[in-house]
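I opened this model to go through the metal site, the pocket and the strands, and I kept notes as I went. The entries follow the order in which I looked things up.

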Amino acid sequence: MIVTTNEEVEALKENAIIVSKTLAEVAKYIEPGVKTITLDNIAEEFIRSEGAVPGFKGYRGFPGTLCISVNEEVVHGIPGERVLKNGDVVSIDCGCIKHGYYGDSAYTFPVGGVNQEVMDLLQRTKESLFRAISMAQAGKRVGDISFAVQEYVESFGYSVVRELVGHGIGRQLHEKPDIPNYGRKGSGAKLTDGTVICIEPMINLGTKNVVQASDGWTIRTSDRQPSAHFELTVIVRKEEPEVLSTFSFVEEVLRPERII
Ligand code: MG
Ligand code: MG
């Protein structure tokens, strides 16, 4: 959506902070031995305690509050009996609804000790998100955001998932415009002041190719190498982009050596 009033900005910001805090609440419990359904239950309880409702649960029939995607799973993993192991990385994607508006944010966490090659993938994927956010200025184009992600991550030999993209957000979870994580500088739609978008690089260590699992939801890399995913919501502005969600709550929870 394109925001035109303070009330709209405040409502979207409230949702953005709820999902940001939910990720931090979940972060407290991410360790070897935890079941992904346990994390899902913690998230649902927290979201409801904030007067919101889970944004993904029931969305096109998705069964969880969170999308929990482990290692080679890119996005849309279904919470269940899977137990996280030392050395895993887990993408947690969280949505909520309050006052009729959506929040949507994701962070990829290490579980216990993770090898340096994969920690680098996580750190650089997160960095690509911040580089992309800096392009969310009125007058720039969608392709400027896309290129910022692609140029940075490909310099490390990583690949950008093509099938899944960032998006506008507002009264719907997924609105126009699409925000691909690959593209040409100066291409695509012009960004206008007040447009609210979720930027969410999904970056693979190996091939860009992905496949859908037989559960009908989970997307994984076709070579089964790991993938990373980070997502924040930002309002396009004439000057500095207005970032609504934040990783600061998550990073207060993570021990210093686990912050990526
Ligand atoms: Mg998301
Ligand atoms: Mg999203």
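**Entry 1, the two metals.** I began with D104, which bridges the magnesium ion (ligand 1) and the magnesium ion (ligand 2), the two ions lying 3.1 Å apart. The model is a predicted one, in which local features need pLDDT of at least 70, side-chain atom pairs count only at pLDDT 80 or more, and totals for chains, interfaces and linings use all residues. I also noted that residues are numbered from 1 along each chain as its sequence is written, that chains are lettered from A and ligands numbered from 1 in the order in which they are written, and that side-chain values use heavy atoms, with hydrogens and water left out.

**Entry 2, ligand 1.** I listed the coordination of the magnesium ion (ligand 1) as D93 (OD), D93 (OD), D104 (OD) and E231 (OE), at 2.0 to 2.5 Å. A donor here is an N, O or S atom within 2.8 Å of the metal (3.2 Å for Na, K and Ca), and sites may look incomplete because water is not among the atoms. Along the chain the donors of ligand 1 follow the spacing D-x10-D-x126-E. The pair D93 and D104 links distant parts of the chain, with D93 in strand β4 (residues 89-98) and D104 in strand β5, 11 residues apart. Strands are DSSP runs of E with at least two residues, helices are runs of H or I with at least four, and both are numbered from the N terminus.

**Entry 3, ligand 2.** For the magnesium ion (ligand 2) I found the protein donors D104 (OD), H167 (NE2), E200 (OE) and E231 (OE), lying 2.0 to 2.2 Å from the ion. Their spacing along the chain reads D-x62-H-x32-E-x30-E. D104, in strand β5 (residues 101-110), and H167, in strand β7 (residues 166-168), are 63 residues apart and again link distant parts of the chain.

**Entry 4, are these donors buried or exposed?** D104 counts as buried because its relative accessibility is 2%, where buried means under 20% relative accessible area, exposed over 50% and partly exposed in between (1.4 Å probe, protein chains only). H167 is buried too, at 2%, and D93 is buried at 6%.

**Entry 5, around β4.** I then followed the strand that carries D93, and noted that β4 is mostly covered, with 9 of its 10 residues buried. Strands count as paired if DSSP finds at least two bridges between them. β4 and β5 pair in the antiparallel sense over 10 bridges, and V90 has F109 as its bridge partner in β5. In the hairpin of these two strands, which has 2 residues between them, H99 takes a positive phi near 55°. Strand β2 (residues 66-70) runs antiparallel to β4 and is joined to it by 5 bridges, with V90 as the bridge partner of V70. Strand β1 (residues 53-54) is likewise antiparallel to β4, through 2 bridges, and P54 stands opposite C96.

**Entry 6, a separate look at β11 and β12.** I traced an open sheet of 3 strands in the order β3-β12-β11, with antiparallel pairing. Its edge strands are β3 (73-75) and β11 (210-212), each of which pairs on one side only. β11 pairs with strand β12 (residues 219-221) over 3 bridges, and T221 is the bridge partner of V210.

**Entry 7, the largest pocket.** About 490 Å³ of space lies in the largest pocket. Pockets are found on a 1 Å grid over the protein atoms alone, as open sets of points where a 1.4 Å probe fits, with protein on both sides within 12 Å along at least five of seven lines, and lining residues have an atom within 4 Å of a point. Which of the 23 residues that line the largest pocket are the closest to its centre? They are Y59, R60, H76, L164 and H174. The elements giving two or more residues to this lining are β7 and β8 (175-179).

Technical notes:
Grid points are joined across faces, edges and corners, and a volume is the space filled by probe spheres set on the points.
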